[in-house]
Amino acid sequence: MSSLSQKRIILGITGGIAAYKSAEIARRLQDEGAEVRVIMTDSAQEFIRPLTLQALTGKPVHTDLLDPKAEAAMGHIELARWADIVLIAPATANFIAVLSQGVANDLLTTVCLASSGSIVVAPAMNQAMWSQPVSLDNIERLKQRNITIFEPDDGIQACGDTGPGRLQQPEAIVDQLCGIFDSGILSGKRVVITAGPTREAIDPVRYISNHSSGKMGFALASGMIDAGAAVTLISGPVSLDSPDRCQLIPVVSASEMLEAATEAVKEADIFISSAAVADYQVTEASSQKIKKKSDKMSLNLSKTPDIVAILSENNPKMFVLGFAAETENIESHARDKLNRKNLDAIIANDVSRDDIGFNSDNNEALWIDANSCQSLSKKSKTQLAREIIVLIAEKIDN
Ligand code: C5P
């Protein structure tokens with residue numbers, strides 16, 4: 001399976017003759033399993049019609065920064081947060097100059113400025129324009145801002161010149177994009193991740209549970225796979241597709257999760273406890289459906305096993321990352337859990353907000369470890385997962 005599978009890619013098209021190749025790029029990205037949304041500049045639309053890209057992607061093409069209808073559906077900030085990567089292919093000399101200055105004067109430049117994900121620029125221009133010191137300076141400036149450049153090919157150009165400046169072939173662009181996700185920073189590591197809610201049975205038809213969607217844990221699993229790790233994902237009941245190339249163990253209750261995790265971590269280097277494990281279980285679940293009789297009823301509850309605390313104590317060499325869902329005093333409550341559960345680090349997030357956390361596609365969090373607390377700004381859970389994985393890799397290296 002491709003590392004572009006389930007990735008969200010914005011394909012930005014600017015106005016050069018190579019824009020015709022962008023249709024093929026859009027198609028190939030989708031063949032690899034990526035979700036693609038297209039942004040076209042005004043001049044790109046002189047070379048290729050938005051309808052072509054709309055037909056290929058099945059999604060409306062985004063063209064205007066100040067279009068109230070488009071903003072209501074998916075505005076520029078939403079688009080920037082949605083994307084795992086913004087790929088600009090072809091990128092003209094003018095677009096590169098504007099981007100290098102940090103100007104945000106149309107939808108594509110604004111999305112680039114608002115994006116906290118990766119940006120990739122595939123230049124295409126006449127060889128003389130490419131070789132100008134000012135163009136090379138602009139490219140250098142983009143590289144310094146961690147923008148990846150897919151260097152242009154050398155060869156015969158549309159204008160009849162020969163030299164560097166041709167847009168790379170669509171298949172080469174898509175291959176290199178796969179390499180960006182395949183960071184390999186945790187190559188050879190074995191990682192166990194718990195995700196989603198647990199369900200604690202009351203009787204055969206009822207249960208206690210919570211609103212966890214599992215999205216953060218699944219995003220961490222995908223990110224870990226891209227980082228080269230062997231991943232076991234132990235998930236409570238969720239409605240998400242399993243990431244490719246990972247071993248998924250479905251469980252229902254906290255006790256089942258503990259049993260599966262205890263077995264899975266035997267060989268693990270890293271344990272990530274992102275599951276929203278129920279704190280209490282019904283002490284004695286009824287084997288028959290409980291009948292509605294009296295006006296009031298009460299349930300006798302007892303604490304579930306604290307999976308992350310147990311596994312951390314029993315596996316002192318394993319790197320353990322916990323999660324803390326808080327509604328107030330976020331840092332101090334999370335730090336308390338870090339110490340009490342003997343964790344190497346904890347991700348704390350505010351679950352009182354509607355725009356992040358439970359069920360949302362976005363999240364914003366604090367990374368807290370013994371020596372530091374750093375805030376991870378609001379972004380898609382996929383992007384946040386990649387940021388967390390880089391932090392884990394750095395910690396393990398140290
Ligand atoms: O104490 P609290 O539930 O807030 O702690 C959150 C962290 O502990 C999360 O990493 C969660 O996955 C883990 N946890 C657990 N077993 C429990 C309760 C929480 O592993 N029974």
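Q: A polar contact is a pair of N or O atoms within 3.5 Å. How far is an oxygen atom of the ligand from an N or O atom in the side chain of K341?

A: This is a predicted model. In it, the distance from the K341 side-chain N or O atom to a ligand oxygen is 2.9 Å, so the pair falls within the 3.5 Å limit. A polar side-chain atom of K337 is 2.5 Å from an oxygen atom of the ligand, and a polar backbone atom of A275 is 2.7 Å from a ligand oxygen. Taken alone, the ligand exposes 440 Å², of which the protein buries 87%.

Q: Which residues that surround the ligand are the closest?

A: The ligand is surrounded by 14 residues, and the closest are S273, A275, P305, F323 and K337.

Q: In what order do the strands of the open sheet lie?

A: The sheet is read from one edge to the other. Its eight strands follow the order 12-11-8-13-16-17-18-19, with mixed pairing. Strand 12 (247-250) and strand 19 (373-380) are the edges, each pairing on one side only. On average, and with direction ignored, neighbouring strands of this sheet are turned by 20 degrees against each other.

Q: How many bridges join strand 13 to strand 16, and how do these strands run?

A: Strand 13 (residues 270-273) and strand 16 (residues 319-326) run parallel and are joined by four bridges. F271, for instance, has V320 in strand 16 as its bridge partner. Helix 13 (residues 307-314) packs on the sheet and touches both strand 13 and strand 16; the helix direction makes about 165 degrees with that of strand 13.

Q: Is A325 of strand 16 buried, partly exposed or exposed?

A: The reading depends on relative accessible area: under 20% is buried and over 50% is exposed. A325 has 42% relative accessibility and therefore counts as partly exposed. Leaving aside neighbours within four places in sequence, A325 is in contact with K337, N349 and V351. K379, by comparison, is 54 residues from A325 in sequence and 17 Å away in space, C-alpha to C-alpha.

Q: How many residues of helix 7 are buried, and what do the buried residues pack against?

A: An α-helix has 3.6 residues a turn, so residues three or four places apart point the same way. Helix 7 (residues 107-114) is mostly covered, with six of its eight residues buried. These are L107, L108, T109, T110, V111 and C112. The buried residues pack against several elements, including strand 1 (8-13), helix 5 (76-82) and strand 4 (118-123). At the N-terminal end of helix 7, D106 acts as a cap, with a side-chain oxygen 3.4 Å from the backbone nitrogen of L108.

Note on methods: Residues are numbered from 1 along each chain as its sequence is written. This is a predicted model: local features need pLDDT of at least 70, side-chain atom pairs count only at pLDDT 80 or more; totals for chains, interfaces and linings use all residues. Side-chain values use heavy atoms; hydrogens and water are left out. Two strands pair if DSSP finds at least two bridges between them. Helices (H or I, at least four residues) and strands (E, at least two) are DSSP runs, numbered from the N terminus. Axes are lines fitted to C-alpha atoms, for helices over the stretch in contact, and angles run from 0 to 180 degrees between N-to-C directions. Contact means heavy atoms within 4.5 Å. Buried means under 20% relative accessible area, exposed over 50%, partly exposed in between (1.4 Å probe, protein chains only). A polar contact is a pair of N or O atoms within 3.5 Å; within protein, one must be able to donate a hydrogen and the other to accept it, and residues adjacent in sequence count only if both atoms are side-chain atoms. A residue is near a molecule or strand if one of its heavy atoms lies within 4 Å of it. Accessible areas come from the Shrake-Rupley method with a 1.4 Å probe; for residues, only the protein chains shown count as cover.
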